[in-house]
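User: Could you help me take a close look at one part of this model? I'm a first-year student, so please keep it friendly.
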Amino acid sequence: MKILQKILKWFLYFLLIPTGYVIISLILSYITVNKTELSLRDNKEIYLSSNGVHLAVIIQINNINNELLKDLKYTQNEKYFSFGWGDENFYLNTPTWNDLTFGNAFKALFIKGSTLIHLTRYIYKRKSWIKIKITDTELNKLNQFISESFKKGTNGRKIIIKNRGYSTNDDFYKAVGRYSLFNTCNSWVNRAFKESGLKACYWTPFAFGLMNKYKK
C-alpha cells in the first residue's frame with residue numbers, strides 16, 4: 001500500500017508540473033506590457049507571422065540597418081526578411097512536422113542546446129502577415145536586438161550554416177543563447193518586442209500569446 005501511495009504521489013507531482021507551466025504561461029501571456037495605443041510617430045511597418053507554432057518577425061529590407069544586413073545572404077529581388085530563432089538540432093533535423101520525433105522534441109525542451117537564426121527571404125508581402133506600425137526608435141531597437149542575436153565568428157562576421165536551408169530562399173545562422181522551456185522561439189520574438197518598446201506579453205512560450213496582442 002505504501003509503495004502504491006508513493007507511486008500515486010510522484011504521478012501527481014509529474015502531472016502538476018506541466019499543468020502549472022501551462023497555467024502560469026497563459027496568465028503571463030495575457031498581461032500586456034509597453035504601449036497599447038498608436039501615435040502619429042508610428043510611421044514604419046514590420047510584420048508578425050506564425051505557422052501555428054513558431055513566431056517570426058518580418059522587416060522590409062529598406063527598414064533593415066546596415067549592421068543587421070551585413071553578411072546576410074540574399075538577392076536584389078528579395079525585399080522582406082523573416083527572422084526566427086530556435087533550437088539548432090530541432091531546426092536542422094525537423095524541417096516538417098512529419099519529421100518530428102520524440103527525441104528531437106525532448107532535446108529542444110529539456111536540454112539547453114545551441115541555437116540558430118532562421119532567415120527566410122520573400123519577394124512579395126504575404127496576406128497572412130500581421131502588419132504592425134512602429135516608430136523609428138522602436139525599429140532601431142528591433143534591428144539592434146536581432147543583430148545582437150547572431151553569433152559572430154573570430155573574424156566578426158555572422159556564421160552561416162551552408163546548404164542547410166529548407167529551400168532556396170532561406171538560410172540558418174549561428175545564434176547566441178540557449179533554447180529551453182522558458183526560452184522558446186516565441187519568447188525570443190516576444191522579448192524582441194519588449195526590448196524595442198513594442199506591445200508585448202509579460203512572458204510567453206506560445207505563438208498565440210503575442211499574435212493575439214495584434215489581431216484586430
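Is the crossing of α5 and α6 left-handed or right-handed?

Analyst: The crossing of α5 and α6 is right-handed (the near helix is turned clockwise from the far one by less than a right angle; anticlockwise would be left-handed). Before we go on, bear in mind that this is a predicted model, where local features need pLDDT of at least 70 and side-chain atom pairs count only at pLDDT 80 or more, while totals for chains, interfaces and linings use all residues. Residues are numbered from 1 along each chain as its sequence is written, and side-chain values use heavy atoms, with hydrogens and water left out.

Now back to the pair. Helix α5 covers residues 136-149 and helix α6 covers residues 185-196 (helices are DSSP runs of H or I with at least four residues, strands are runs of E with at least two, and both are numbered from the N terminus). Their axes sit 8 Å apart and make an angle of about 140 degrees (axes are lines fitted to C-alpha atoms, for helices over the stretch in contact, and angles run from 0 to 180 degrees between N-to-C directions). That's why α5 and α6 count as oblique to each other (under 35 degrees is roughly parallel, over 145 roughly antiparallel, 65 to 115 roughly perpendicular, and the rest oblique). On the α5 side, the contact is made by E138, K141, L142, F145, I146 and S149, and on the α6 side by W188, R191, A192, E195 and S196 (contact means heavy atoms within 4.5 Å).

Each of these helices has another partner too. Helix α6 also meets helix α7 (residues 207-214): their axes come within 8 Å and cross at roughly 40 degrees, so α6 and α7 are oblique to each other as well. Here N186, V189, N190 and F193 of α6 touch A207, L210 and Y214 of α7.

As for α5, look at D136, which forms a salt bridge with K44, with the closest N and O atoms 3.7 Å apart (a salt bridge is a side-chain nitrogen of Lys or Arg within 4 Å of a carboxyl oxygen of Asp or Glu). D136 lies in helix α5 and K44 in strand β2 (residues 44-50), so the pair ties together parts that are 92 residues apart in sequence. By that rule, the count comes to 8 salt bridges.

One more link across the sequence is worth a look. L28, found in helix α1, is 175 residues from W203 in sequence, but their C-alpha atoms are 5.4 Å apart in space. Leaving out residues up to four places away in sequence, L28 touches C201, Y202 and W203.
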